[in-house]
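Please take a moment to look over the sequence and the model before reading on. The paragraphs below go from one chain to the contact between chains, and then to single helices and residues.

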Amino acid sequence: MMRNRFKSTAIAVATALIFSAAQLHAQAPSDPQIVGIVVTANQIDIDAAKLALKKSKNKEVRELAQQMVDDHNSVLKSVGELGKKLNVTPAASDTQKSLKDQATATSKKLSALKGAAFDKAYAENEVAYHQQVIDAVSKVLIPNAKNAELKSALTGAAPLFQGHLEHAKQVQSGLESGKSTTAKASHKGMSHKH
Amino acid sequence: MRSLFSLTTLLSLMLLVACSSSSPQPAKTDQPAAPSSAASSPVSGPTTHVVTIKDMKFSPESFTIHEGDTIEWKNADDVAHNAVANDKTFATQKLKPGDSEKWVANKKGSFPYVCTFHPNMKATVDVQ
């Protein structure tokens, strides 16, 4: 139990540290590098969520993971369309490489966990990862973006990542307290239209 | 004589057009830009108030309606959202982009609500 807790915390802390280190080493990324970092950061969270959907049976964890797949795929689509419009091709950078390396390590560690230990580690990682993504977007990517539309798109995406952070914190808190965070409200009296 | 007739006809037509353009248009149901004014207007019968979800926000974020009115949440954003009252009085299903859902406000009170997928999205509806 203690060992699992240490493991999951270690994953989250390691993710945070590596992302911070990557930011520190980044030398004012160019617009193509910024797009490359955004694409990679989104794909990493999609991959982690897919792992969670494969391994977890917890309703809240699965709901968070499915949301990450859906939302980050939507962001990827928008980034792809913006890249085409601006004629910007995603470029490699040290930050992107650090992210990929860390994601591989995190995935390996998460894959070794099961049940509640996995759920806790995944939620902690989501909290740490999104906090770092928010910091990176606000402190590195937005200030360095040259193109106004790219800067605006990054600014517009910030509340989405903040929403993910708060949702992940709720799931994490629910797992720690053993209480469900899912709304038990009735859909009675509601009429849905697609 | 013929020209006098034409002039009279023309003047009559102009008068008709002027009258019809100054006639008030029939009031429509409430739209998101002015939910509070519709709520306070003396129009009888329940009103439907539209809350648009766009750019990670409920719009309007805060407004007042009458008991019996309907709220319709329309998701015009790129990702899925929902609207769940803090006290669970109402809860939409997962609204994918383009989806909408209605709730008939059959209970008075102040109802703060959130998108549970993105808890930083908050709004309040007051039912009088």
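**A walk through the model**

In chain B of this predicted model, 47% of the contacts between residues at least 6 apart in sequence join residues that are at least 24 apart. The secondary structure of this chain consists of two helices and eight strands, and from the N terminus on the order of these elements is α-α-β-β-β-β-β-β-β-β. Of the 128 residues in chain B, 38% are buried, while the accessible surface of the chain comes to about 7,200 Å², with 59% of that area belonging to carbon and sulfur atoms.

Some details of the backbone of chain B can be found in its loops. The peptide bond that joins B:Ser59 and B:Pro60 is cis, with omega at about 0°, and B:Pro60 has its place in the loop between β2 (57-59) and β3 (62-65). In the loop between β1 (48-54) and β2 lies B:Asp55, a residue other than glycine whose phi is nonetheless positive, near 50°; with 54% relative accessibility, B:Asp55 counts as exposed. B:Lys88, which is not a glycine either, has a positive phi of about 65°, and this residue is placed in the loop between β5 (84-85) and β6 (100-104), where B:Lys88 is partly exposed at a relative accessible area of 35%.

The next step leads to the place where the two chains meet. Here 26 residues of chain A are in contact with 26 residues of chain B, and between them the chains bury about 2,000 Å², 55% of it on carbon and sulfur atoms. How many salt bridges are counted between chain A and chain B? The count is one, and the pair is made by A:Asp70 and B:Lys94, whose closest N and O atoms are 3.4 Å apart. This pair crosses from B:Lys94, in the loop between β5 and β6 of chain B, to A:Asp70, in helix α3 (residues 59-86) of chain A. B:Lys94 counts as partly exposed at 33% relative accessibility, and A:Asp70 is likewise partly exposed at 33%.

Over all chains, a search of the whole structure finds four salt bridges. One of them links A:Glu149 with A:Lys85, with the closest N and O atoms 2.7 Å apart. Because A:Glu149 lies in helix α6 (residues 148-177) and A:Lys85 in helix α3, both of chain A, the pair ties together parts that are 64 residues apart in sequence. A:Glu149 is partly exposed, at 35% relative accessibility, whereas A:Lys85 is exposed, with a relative accessible area of 59%.

Helix α4 of chain A, made of residues 94-111, repays a slower look. The helix has 18 residues and reaches 26 Å from its first C-alpha to its last, close to the 26 Å expected at 1.5 Å a residue. Its residues A:Thr95, A:Gln96, A:Leu99, A:Gln102, A:Thr106 and A:Leu110 are buried. Seen down the axis of α4(A), these buried residues fall within an arc of 130°, and therefore they line one face of the helix. The face turned away from that buried side carries the exposed residues A:Asp94, A:Lys97, A:Thr104 and A:Lys108. One of these, A:Lys97, meets A:Asp101 in a salt bridge of 2.9 Å, N to O, between their side chains. A:Lys97 and A:Asp101 are separated by about one helical turn, because they are four residues apart in helix α4 of chain A. An α-helix has 3.6 residues a turn, so residues three or four places apart point the same way. A:Asp101 itself counts as partly exposed, at 43% relative accessibility.

Key. Residues are numbered from 1 along each chain as its sequence is written. Chains are lettered from A and ligands numbered from 1 in the order in which they are written. This is a predicted model: local features need pLDDT of at least 70, side-chain atom pairs count only at pLDDT 80 or more; totals for chains, interfaces and linings use all residues. Side-chain values use heavy atoms; hydrogens and water are left out. The expected span of a helix is 1.5 Å times one less than its number of residues. Buried means under 20% relative accessible area, exposed over 50%, partly exposed in between (1.4 Å probe, protein chains only). The arc is that of the directions from the helix axis to the C-beta atoms. Contact means heavy atoms within 4.5 Å. Accessible areas come from the Shrake-Rupley method with a 1.4 Å probe; for residues, only the protein chains shown count as cover. Buried area is the accessible area (1.4 Å probe) that two parts lose on being put together, summed over both.
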